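Please open the model in your viewer and keep the selection panel at hand. The stops below go from one residue to its surroundings and then outward.

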Amino acid sequence: MADEFNISDLLQQAQALQEKLKNAQEEAASRTVEAQSGGGMVRVVADGSMRVRRITVDPALIGTNDKAMLEDLIVVAVNDALARAQQMMAEEMGKVGPLAGLKLPGLGGS
């Protein structure tokens, strides 16, 4: 039988896929995205690990002394930054694909 199922090959392919996924996660974690609210008065930078790296608030906004508005603008910018970071991570994982490179018998593999 030329098309015998070889568990060793399958395990090697799974390990290679796991390494690709790990590398994609590390790549996305090292990249950042930026979001803003209030016409750019509040800016938030987040990374692919869903960590907020920096929040910048325009001094003019602080001068308004409107605590509630400032809090709302920060929440909006943080949520947008995290959504963008999550999208970036999903795109990186999509490049690898759930079964990228695996050659499964009966599924188009050899």
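Is Asp47 buried or exposed? In this predicted model, Asp47 has a relative accessible area of 0%, and because buried means under 20%, Asp47 counts as buried.

**First stop: Asp47 and its contacts**

Select Asp47, which has its place in strand E2, and display its side chain together with the residues that follow. A polar atom of that side chain lies 2.8 Å from the backbone nitrogen of Ser49, and the Asp47 side chain also makes a polar contact, at 2.9 Å, with the side chain of Arg51. Now extend the selection to the residues that Asp47 touches when those up to four places away in sequence are not counted: Ala29, Arg31, Thr32, Arg53, Ala85 and Met88.

**Second stop: the hairpin**

Select residues 42-47 and 52-57, the strands E2 and E3, which run antiparallel and are joined by 5 bridges. Within this pair, look for Val44, which stands opposite Ile55 in E3. The two strands form a hairpin with 4 residues between them, and in the turn you will find Met50, whose phi is positive at about 65°.

**Third stop: the sheet**

Add residues 32-37, strand E1, so that you have the open sheet of 3 strands, ordered E1-E2-E3 and paired antiparallel. E1 and E3 are the edge strands, each pairing on one side only, and from one strand to the next the twist averages 15°. Between E1 and E2, which run antiparallel, there are 6 bridges; to locate one of the pairings, select Ser37, whose bridge partner in E2 is Val42. Which helix packs on the sheet? Select residues 67-96, helix H3, which touches E1, E2 and E3 and whose direction makes about 150° with that of E1.

**Last stop: Glu27**

Finally, select residues 7-30, helix H1, and pick out Glu27 within that helix. Glu27 has a relative accessibility of 41% and therefore counts as partly exposed, whereas Asp47, where the tour began, is buried. Then draw a distance from the C-alpha of Glu27 to the C-alpha of Met89: the two residues are 62 apart in sequence, and their separation in space is 9.0 Å.

Conventions
Residues are numbered from 1 along each chain as its sequence is written. This is a predicted model: local features need pLDDT of at least 70, side-chain atom pairs count only at pLDDT 80 or more; totals for chains, interfaces and linings use all residues. Side-chain values use heavy atoms; hydrogens and water are left out. Two strands pair if DSSP finds at least two bridges between them. Buried means under 20% relative accessible area, exposed over 50%, partly exposed in between (1.4 Å probe, protein chains only). A polar contact is a pair of N or O atoms within 3.5 Å; within protein, one must be able to donate a hydrogen and the other to accept it, and residues adjacent in sequence count only if both atoms are side-chain atoms. Contact means heavy atoms within 4.5 Å. Axes are lines fitted to C-alpha atoms, for helices over the stretch in contact, and angles run from 0 to 180 degrees between N-to-C directions.
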